[in-house]
Amino acid sequence: AALGPMLREYIISEAMHALRIPTTRSLAVTLTGEPVFRETVLQGAVLTRIAASHIRVGTFVFAAHYAEKEDLIAIADYAIARHYPHLQDEPNRYLLLLREMMERQAKLIAQWQLVGFIHGVMNTDNMTISGETIDYGPCAFMDAFDPDTVFSSIDTHGRYAFGNQPSIGGWNIARFAECLIPLLADEEEEAIAIAKAELANYPKRFMHYYQEGMRAKLGLLSEQPDDDDLTKQFLQLLMKYDADYTNAFRALTEKIKPAESFFLSNDFTKWEEKWLARLAKESKPLEQVFDEMNEVNPAVIPRNHQVERAIAAAELGD
């Protein structure tokens, strides 16, 4: 590809790794010395990517459409042996493959949402069977909080917007389940019923990881009935005041809040009173709670304007 997108993948994938989010890694970016033609002529480059494997949902979609059942079995068995070896001797291993792959994806996409990461192009060829983030094309970390944020020039209808990522993840997993239909039961109707029953668990699994992560971001160590409302109210205020997603969570633990409209508002003061009252119910002292919040709320992310500056400098030879 062109040098710029390859460097973007290097920077973002290494940031994701540092944030403890499952991801493929970037070993190297090498110039080819050849031009790449986009809107303008750009420098060509090759990215060397490291992954547990490069098997994607799209691999299975291709096999289901163009290969024989025996080939589909071979790919599924290979994926199990490589990524889920504990399932190899299970009689219902293909159903368990679907279940465990779905679990990994639910957790992964929840982690994306928790740090404000926008993948950009979540098609089936960009979802791994291993549960690693892959194919960092037009991706970015969100600045001001807005679920409708997109980061792809071709995504004119917002299919891959930040707020849509959980449901698109479910859509991709459903395509994976369709590929496994011939392997789930001898009768197609029975196999479809099995797949549908399994897929119905995806929203619950995603919400489990997302809500667990959000409680950690707000220092809510135990689980209380009103926690979800407290989280939603905070996110609504971020959106109302166009507040920075990463900085707002980080600033919650600061004694002196930034002089920004969000923190100076009566809305935030009222929310903060409820939040502090909720934290008072925890068994740990406030300073310890704040320390634990800072463990999960990033202080530094690859800001898009800085990524663009780095790429522009590299393209000029720096």
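Is Glu223 buried or exposed? Select it and look: Glu223 is exposed, with a relative accessible area of 60%. Here buried means under 20% relative accessible area, exposed means over 50%, and partly exposed is in between, with a 1.4 Å probe and protein chains only.

Before going on, a word on what is on screen. This is a predicted model, in which local features need pLDDT of at least 70 and side-chain atom pairs count only at pLDDT 80 or more, while totals for chains, interfaces and linings use all residues. Residues are numbered from 1 along each chain as its sequence is written, and side-chain values use heavy atoms, with hydrogens and water left out.

**Stop 1: salt bridges**

Keep Glu223 selected and add Arg215. The two form a salt bridge, with 3.8 Å between the closest N and O atoms. The term stands for a side-chain nitrogen of Lys or Arg within 4 Å of a carboxyl oxygen of Asp or Glu. Arg215 counts as buried, at 14% relative accessibility, whereas its partner Glu223 is exposed. Next, pick Glu9, Arg49, Arg56 and Asp135: salt bridges that share partners join these residues into one network.

How many salt bridges are there by this rule? The count comes to 18. Go to Arg8 and Glu308, whose closest N and O atoms are 2.3 Å apart in another of these bridges. Color helix H1 (residues 3–18) for Arg8 and helix H13 (residues 304–315) for Glu308, and you'll see a link between distant parts of the chain, 300 residues apart. Helices here are DSSP runs of H or I with at least four residues, strands are E runs of at least two, and both are numbered from the N terminus. Arg8 is buried at 7% relative accessibility, and Glu308 is partly exposed at 36%.

**Stop 2: Val307**

Stay in helix H13 and select Val307. It counts as buried, with 3% relative accessibility. Show its surroundings: leaving aside residues up to four places away in sequence, Val307 touches Arg8, Ile11, Ile12 and Pro302. Contact means heavy atoms within 4.5 Å. Now draw a distance from the C-alpha atom of Val307 to that of Arg159; the two are separated by 24 Å, and they sit 148 residues apart along the chain.

**Stop 3: Asp155**

Arg159 leads on to Asp155. Look for Asp155 in the loop between strand S4 (140–141) and helix H5 (165–184). Which side chain of opposite charge is nearest to Asp155? That is Arg159, 6.8 Å away; Asp155 is buried yet has no salt bridge. For charge, Lys and Arg count as positive and Asp and Glu as negative, with His and the chain ends not counted.

Now add Gly158 to the selection. Its backbone nitrogen lies 3.3 Å from a polar atom of the Asp155 side chain. Beyond residues up to four places away in sequence, Asp155 touches Gly120, Val150, Tyr160 and Ala161.

**Stop 4: along helix H5**

Pick Arg175 and Glu178, both in helix H5, 3 residues apart, about one turn of the helix. They form a salt bridge with the closest N and O atoms 2.7 Å apart. Arg175 is buried, at 18% relative accessible area, and Glu178 is partly exposed, at 46%. Add Trp171 too: the charged end of Arg175 sits over its ring, 4.4 Å from the centre. That label calls for NZ of Lys or CZ of Arg within 6 Å of the ring centre and within 35 degrees of the ring normal. For another case, jump to Lys217, which lies over the face of Phe249 at 4.3 Å from the ring centre.

**Stop 5: aromatic rings**

Show the aromatic side chains; the structure holds 19 aromatic pairs. Try Phe62 and Tyr66, a tilted pair at 4.9 Å centre to centre with 45° between the planes. Rings of Phe, Tyr and Trp (its six-membered ring) pair if their centres lie within 6.5 Å; planes under 30 degrees apart are stacked, over 60 edge-to-face, and the rest tilted. Both residues lie in helix H2 (residues 57–66), 4 residues apart. Phe62 is exposed at 54%, and so is Tyr66 at 65%.

Move to Trp275 and Phe290, a stacked pair at 6.1 Å centre to centre, with 15° between the planes. Trp275 is in helix H11 (residues 266–279) and Phe290 in helix H12 (residues 286–296), so the pair ties together parts 15 residues apart in sequence. Both Trp275 and Phe290 are buried. To finish, select the cluster that ring pairs build, including Phe249, Trp271, Trp275 and Phe290.

Methods
Polar contact = N/O pair within 3.5 Å; in protein donor to acceptor, adjacent residues only side chain to side chain.
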